[in-house]
Structures are given as C-alpha cells and as structure tokens.
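Colleague: Please guide me through the ligand site and the empty spaces of this structure, with the general idea before each case.

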Amino acid sequence: MTDSSGLQSGRPRSLSGIQATSDSLHLGNYIGALQQFVEQQETHDAFFFIANLHAITVDQDPAQLRERTLRTAAQFIGAGLDPQRSTLYVQSHIPAHTQLGWVLECTTGLGEAQRMTQFKDKSGKNEHVSLGLLTYPALMAADILLYQADVVPVGEDQRQHLEMTRNLAERFNHRYGDTFTVPEAHILKSTAKVYDLQDPTAKMSKSAQTPAGLIEILDDAKSITKKIKSAVTDAGTEVTYDPEGKPGVSNLLTIHSALSGRSIEDIVAEFEGRMYGHLKVALAEVVVETLRPLRERTLELLDDPAELARVLDAGAETAGAIAERTIADVYDRVGFLTR
Ligand code: TRP
C-alpha cells in the first residue's frame, strides 16, 4: 500500500546510489551490490539513484556522462530492479539534492570533511582537486536524509560517509528540532568479494590492469567464456577453497557460489578428483546463464530510449515529491523566507 507521501506503509525505507562512471557494471558490482539491492525490494520501500552529481567531483566528458547515466539505469532495471516496486531516479533530476547539500555543507566542519579517507585517497591521486571532492560527503548525506531513509546498503568503503551522515542528521535535529531520520548503514556482505581473474589478489575493478581480468555484465557469452577459461589459476590441479594458498581457484568458487546460490563445499565436492578446467567450464555456464537475461533486458531498454526516459521521469516524480517536502521543512527551520 502506498500513501500520499509515496511511502509504502509498514516497510522500512532503504536507499542507495551508484556512480555512473563506466559503460558497463562488472560482476563485482553485480554480486557486491546489485544482487543485494534486488533482494531488498522484497522487504523494503526501496530507492535507488544514479549519482551523477557525485560523478563530476572528478573530470567527466559530458557526452560520456550522459550515456553512462542511461546505461547504468538500464542495467539496474536489467538486473531486476523493478520500477513498479522501487523508485529509480537520476540524482540531478531532483534539485533538492543540491539544495540540502548546501545546507549540510554549512553544518559540516572543514576538519571533519578533510578527515574522510576517501577524500584523502582521491585528493592524493588527482592533480586537480575540486572543492566538490571535499564536500562530497555532505551531498551524500543530503541524498540520504532527504528521503528519511532508515537503511543505506553500501560497501565497506562508504562506512565512514554513513557515520558522517548520522552525525549531520543528529547535529541538525539537535539544533533545529527533529527533522531527519538517523539512518543505519547496512554494510553489504563482503563474503562474496570478487577478485580480478588475471590477478586474483586484486579486487575486480574497472581500473583493472587488463580487460581480461574483468567480466562486465554486458559481455556476451563468447567473451565471458574466454575470460573465465583464461583466468589465472594456481599451482596444483585439485579444486579446493583456500583464499590464501589458492586465490585464483577460490575466486572462481566464490563467483560460482554467489551466482548459483550453492555452498562452496557443495561445489568443491562436485569437482573432487577433477581438474581446474572442469570448474572453469561449469562456471562459464553459470555466469553466461545468469547474465544472459540481464544483458538482453538491458539492451532492449537501451534500444528504446523513450521508454527508459519515461521510467526515469516517473521515478523523479515520486522521489521529487518526497524530497521537496523535506527541503521545504529544512528551509523553514533554518530561517529562509518563503516566497
Ligand atoms: N558514494 C557512493 C559510492 O561511491 C555513491 C553514493 C552517493 C551513495 N550518494 C549515496 C550511496 C547515497 C548511498 C547513499 O559508492
């Protein structure tokens, strides 16, 4: 049941965002986040958005950003996020994100922002450091607090930003009266961490050394099979799960288990007395069959930009109505005149 606020009564609200900074999400994103987002929509009033405002904290090519925003949205839906059940939108479509972002920047201490490890990492790596990179977590807090989210599923790397979001919510509530729900972080299961197929000691990431190490969720069957067959394995021939001693084979087992839903022990038992090659053949089939429908739905959507635009407009409509109510309340509390 949905009431006038768009709130599905009785269900806690869950919200998360993802940056659109690649053409295709990879298997690590799928297992680490998307698969779990899809599960969340069964139990939560779920909000998911493409964080394109955050994307420009580092340099982006405009045409590429536009294209990647659409591709990421299409992959969300392709992976099973259902716009009928979840609210799916693009961050920049809702002006209240930047409006609340500003108020929260003014609620954040400079030292507090400078202590964020993601800021320290990124500002160390980039030659040109934008102010946006520093204020990034205030905008992220705005993304969350605008919707009064109860839980925020994110990777371990975002834990500190969530902690800051909670602090900002509490600080604001204390100063101006109860305004925001203080959200809980839901740190996504890291048991299914996926590693690079060519370097199984490095996390699967879009900045992989070689594209062969990375399975993109829009890869076709042929290239998936080829990448898995050429995955680096370890000395020996016996299929055992030993992340320290046999990172390559263990990674293949992890991926299999995450996608097939079977336990690692069960898979190891199946390959007892058989070679790595057999595991690779079986795994390629599991990955291809899992990604096939996802890829087909995504490509279909990308072929129908009008339909995709309609879905994102509808999401912005629902999200915008909630966000506007929150920002009106916030503006009133901080003492801005109404027109
Ligand atoms: N910072 C997040 C990341 O890089 C993306 C993000 C932006 C986000 N706003 C958010 C995640 C709000 C959760 C909630 O992964």
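Modeller: The discussion below takes up the ligand, then the pocket, then the cavity.

Modeller: This is a predicted model, in which local features need pLDDT of at least 70 and side-chain atom pairs count only at pLDDT 80 or more, while totals for chains, interfaces and linings use all residues. Residues are numbered from 1 along each chain as its sequence is written, and side-chain values use heavy atoms, with hydrogens and water left out.

Colleague: Which residues come nearest to the ligand?

Modeller: A residue is near a molecule if one of its heavy atoms lies within 4 Å of it. Here 14 residues surround the ligand, and Gly17, Tyr136, Met140, Asp143 and Gln158 come nearest. By class, the shell holds eight nonpolar residues, five polar and one charged; Ala, Val, Leu, Ile, Met, Phe, Trp, Tyr, Cys and Pro count as nonpolar, Asp, Glu, Lys and Arg as charged, and the others, Gly among them, as polar.

Colleague: What lies 2.6 Å from a nitrogen atom of the ligand?

Modeller: A polar contact is a pair of N or O atoms within 3.5 Å. A polar side-chain atom of Asp143 is found at 2.6 Å from a ligand nitrogen. For the side chain of Tyr136, an N or O atom is 2.7 Å from a nitrogen atom of the ligand, and for Gln158 a polar side-chain atom is 3.0 Å from a ligand nitrogen. Of the 370 Å² that the ligand exposes when taken alone, the protein buries 89%, with areas from the Shrake-Rupley method and a 1.4 Å probe.

Colleague: Which element gives the largest share of the shell around the ligand?

Modeller: Helices (H or I, at least four residues) and strands (E, at least two) are DSSP runs, numbered from the N terminus. Helix H7 gives the largest share, four residues.

Colleague: Which space does the ligand take?

Modeller: On a 1 Å grid over the protein atoms alone, a pocket is an open set with protein on both sides within 12 Å along at least five of seven lines, whereas a cavity is a set of points where a 1.4 Å probe fits but cannot get out; lining residues have an atom within 4 Å of a point. The ligand takes the space of the largest pocket, whose volume is about 1700 Å³. Its lining has 48 residues, and Asn29, Asp157, Gln158, Lys203 and Lys206 are the closest to its centre.

Colleague: Which residues line the largest cavity?

Modeller: The largest cavity, with about 40 Å³ of space, is lined by Met116, Gln118, Phe119, Leu133, Tyr136, Pro137 and His161.

Methods: Polar contact = N/O pair within 3.5 Å; in protein donor to acceptor, adjacent residues only side chain to side chain. Sits in = over half its atoms within 2 Å of the grid points. Points joined across faces, edges and corners; volume = space filled by probe spheres on them.
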